[in-house]
Amino acid sequence: MLLIVFNQVKLFAQNHYKIDVSNVKTNVLRDHLDLGGSNSKGDTISVNSFYLEHNKKPFIPVIGEFHYSRYPHQYWEEEIKKMKAGGITVVATYVFWNLHEFKEGVFNWEADYDVRTFTELCAKNGLQVIMRVGPFAHGEMRNGGLPDWLYGRPIDVRSNDQTYLYYVNRFYQEIGKQLKGLMFKDGGPIVGVQIENEYQHSSAPWAFTYIGAPKERTAARRDRKIVQDGVGINDKGNEFANVGKDHMKTLKNLAIDAGLVAPIYTATGWGYATIIEKESIPVMAGYAYPFWTSGNKPSSFYLFKDLQQNPDYAPVSYDVNLYPSMAAELGTGMAVTYDRRPRVPGESFLPLMVRTVGSGTNGLGFYMYHGGTTPSVGNYYMSEGSGLNNKSYDYQAPIGEFGKVTSGFYSLKLINYFLQSYGNDLAPLYPVLPKTNDEIKPGNTETLRYSVRSDGNKGYLFMHNFQDHLETKDLEDLNITINTKKGEVKFPASGTFTLKSGSSAIFPFHVNYDGVLIEMATLQPFYHFVNNNKPYHVMVAVDGIAPEMHIKGNVKVKGKGTKTFKKNGNTVVVCKKNSINEFQVNGVSFLVLPQEEALKMCAVGEDDQQQIILSDAVVLNDDKQVSFISNNKEQIDFTVYPALDNVNTTQGKLTVIKSTFPHSNSWRITLPKVTPALDLIQTDNSHFVLKSTYLDLSTINDVFITFDYMGDRGICMMNGELQTDDLYTSKPWTIGLKKYQEALKSNHMYFYFMPMYKDASYLSYLDKNVIPDFSDKKSFLEIKEPKISVEYKVNVTLH
């Protein structure tokens, strides 16, 4: 009996957490960095030691990587719109030197290499740009982006070798010509320029090599003994740091001379990489599923920490107190190699971001956010080699190689939209870690992982229940007490909550949303917008946690479905679980969405005439016109909030349907079913032939073929050239046909699959349940019946 009581007490102690934020320090250094700038419109961007400011207001950029040269230029705008729909505010892209100057002295800026048009399309759609100009880029590109013609010459690349700098300067000058007038100072979208990449930290192999030969590295001769493969820790320091700093400063000066003038310059900050002291922001990374390391051990990237003071992949080469923590490469996906094939689940994305923002990072950068296909010259491949895909750069990203969105696209909205709307409130708040944080190791999934960002009074509680390479269980009967200068705040106000396996939450306390003083809420702030001069706040009810909002004082709450009562002089609003709730406080509207409904949300409209749309389809915004992209569904339902007078479309049948909550209206579009004119023939157990002479995409957006197979790899050939390829990870292989529609008129497409062998080196990277039972066989290949799906696109005008 005594043992039972002891165990019960111990269990309660593990589930009740306390944290004190009353003594948090919020000092900020200003005017010590040679960064920032203004434009002719009077807009300014500035950088202090902890966050960025736009027009003197804090903001947190949400940066998505998309390589224009890896995607057909005809479809750039649609993909940019998808990124915006996902909550991206800044597009980052590499300018790969070897693609633009494939032959020495001959520059190509046409078609898929037209960086100017790509940048203009970003601006047209309201997105800013960070241009990563190299000259070394990496990005799993051949030679890391350095041109082949540099190889074998008496040139010390990635150094102040004068011949090397001559060629770099010529390249920069060409970039400057292409981007003239598009820099922030000129009213353009380019707010940032990244100089080099992973300088004095990492390199790529030169493509000129031989099997069994030592790898030759794209690094200065002096640096070859300190660089490594991929992103990692360098605990040995850098004996060449001074000459490295001089080289980075030289590159920045060349960029400025070429007209690449921006308020923000970035440089790789991880693993003792060299930055431009006080003239660049050191940007960070976090990859929980890297292909460049051996093994599948749980990483530390899901453990909260103070990321400014203790960056991931520390030690670093700079004074952490001088710069904000800003991420450039958080692993929303991963490439794979033949020998190492990590599968990155989409559910891993959001918890990583909640951990990173909760740890004090004031800029999220997703690598990759949008996948693509590495270009080639015939079967002369421009990918890095070393066992990587020769063509595919799908990267398991939120938006895949052919523009198809994945589960990670939806979940990331919860953090992306939050940072868009509430980043100004969050950015100045410093991270505070609980005492229990010290005892958590990656393998400890029993202790709650949480942090608070606060100024001592107001703040946000961050928590998640996820760990890479491990299964987690629901954490039950939890409560958290936060001690502030104003007194204690309890989550929940009474009782306990459950944080479900794989889930995360961000809860506010002592915040002011348009004059509504919220003491605490077990609701996650999601999106703030204005419509007809009226403010709206969209909140998310997290699964397993009772949705409540405690408002300071005795206020009048209007709305249906909610219950209100008074407690300790405050007003408590209790929302109905698993339902959409809407209520108003002092003229401010709050819409509470269950998490599954929130994933369907997209903001549309501009400035003070915004609305939100809820739909299973992907919603693309173009002011008063929106587009719905639906995969294999001829019926598209959507709800607009606040309600509109009317919508219309020239495609399909439009009908009004019953809306599920007040002040909204809903419609249904029914489209005629389209069966694409193609013939996919299986000729034997490993080959398929696609015949599609008359593929007509005039009434649809794309056609996808998906192979769910278990084997070694698959390749796609047409006209004797490799089009794309897939290294098996268990993720079904999907190919979009839109980019091939003209070529298919006169060519067949061939798919070839190879068997997996029992002794394959990559099997240790795969989950046991996706490895076949070889029994007494040495090899295995299984291909399920391929699925052909139609992607519909409907344009709708809002009135």
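The following exercises, each with a worked solution, concern contacts and strand pairing in a predicted model.

**Exercise 1.** Determine which parts of the chain the salt bridge of Glu-606 with Lys-84 ties together, and classify the exposure of both residues.

*Solution.* Step 1: the closest N and O atoms of Glu-606 and Lys-84 are 3.8 Å apart, and a salt bridge requires a separation within 4 Å. Step 2: Glu-606 belongs to the loop between strand 34 (601-604) and strand 35 (611-615), whereas Lys-84 belongs to helix 2 (residues 76-85), so the contact ties together parts that are 522 residues apart in sequence. Step 3: the relative accessible area is 33% for Glu-606 and 26% for Lys-84. Partly exposed covers the range between the buried limit of 20% and the exposed limit of 50%. Glu-606 is accordingly partly exposed, and Lys-84 is partly exposed as well. This bridge belongs to a total of 37 salt bridges in the structure.

**Exercise 2.** Describe the covering of helix 2 and the salt-bridge network in which Glu-78 takes part.

*Solution.* Step 1: helix 2 is mostly covered, with eight of its ten residues buried. Step 2: the buried residues are Trp-76, Glu-78, Glu-79, Ile-80, Lys-81, Lys-82, Met-83 and Ala-85. Step 3: Glu-78, Glu-79 and Lys-82 are joined with Lys-738 and Lys-793 into one network by salt bridges that share partners. Step 4: just after the helix, Gly-87 takes a positive phi of about 100 degrees.

**Exercise 3.** For the salt bridges of Arg-221 with Asp-156 and of Lys-249 with Glu-279, state the N-to-O distance, the location and the exposure of each partner.

*Solution.* Step 1: the closest N and O atoms of Arg-221 and Asp-156 are 4.0 Å apart. Arg-221 lies in the loop between strand 9 (190-194) and helix 6 (241-257), and Asp-156 in the loop between strand 8 (128-132) and helix 5 (162-178), so the bridge ties together parts 65 residues apart in sequence. Arg-221 is exposed at 51% relative accessible area, whereas Asp-156 is buried at 11%.

Step 2: the side chains of Lys-249 and Glu-279 meet at 2.5 Å, N to O. Lys-249 is in helix 6 and Glu-279 in the loop between strand 10 (264-268) and strand 11 (281-286), so parts 30 residues apart in sequence are tied together. Lys-249 is partly exposed at 30%, and Glu-279 is buried at 14%.

**Exercise 4.** Establish the pairing of strand 27 with strand 26 and with strand 33.

*Solution.* Step 1: strand 26 (residues 524-531) and strand 27 run antiparallel and are joined by seven bridges. His-528 has His-537 as its bridge partner in strand 27. Step 2: the hairpin of these two strands has two residues between them, and Asn-532 takes a positive phi near 55 degrees there. Step 3: with strand 33 (residues 588-594), strand 27 pairs in the parallel sense over six bridges. Tyr-536 stands opposite Ser-589 in strand 33. Step 4: strand 27 (residues 534-541) is mostly covered, seven of its eight residues being buried.

**Exercise 5.** Identify the edge strands of the open sheet with the order 42-43-49-46-47.

*Solution.* Step 1: the sheet has five strands, and their pairing is antiparallel. Step 2: strand 42 (679-682) and strand 47 (721-727) each have a single partner strand, so one side of each is left without a neighbour in the sheet and they stand at its edges. Step 3: neighbouring strands are turned by 20 degrees against each other on average, direction ignored. Step 4: within the sheet, strand 43 (residues 687-691) pairs with strand 49 (residues 749-754) over four bridges; His-687 has Tyr-752 as its bridge partner in strand 49.

**Exercise 6.** Classify the ring geometry of Phe-102 with Tyr-380 and of Phe-491 with Phe-507.

*Solution.* Step 1: the structure holds 53 aromatic pairs. Planes over 60 degrees apart count as edge-to-face, and those under 30 degrees as stacked. Step 2: the ring centres of Phe-102 and Tyr-380 are 5.7 Å apart and the planes are at 90 degrees, so this pair is edge-to-face. Phe-102 is in the loop between helix 3 (97-100) and helix 4 (115-124), and Tyr-380 in strand 16 (residues 380-381), 278 residues apart. Step 3: Phe-491 and Phe-507 have a centre-to-centre distance of 6.1 Å and 15 degrees between the planes, a stacked arrangement. Both of these residues are buried.

Key
Residues numbered from 1 in each chain as written. Predicted model: local features only at pLDDT ≥ 70, side-chain atom pairs only at ≥ 80, totals over all residues. Heavy atoms only, no water. Buried < 20%, exposed > 50% of the residue type's maximum accessible area, 1.4 Å probe, protein only. Pairing = 2+ DSSP bridges. Axes fitted to C-alpha atoms, helices over the stretch in contact; angles between N-to-C directions. Phe/Tyr/Trp six-rings, centres within 6.5 Å; stacked < 30°, edge-to-face > 60°.
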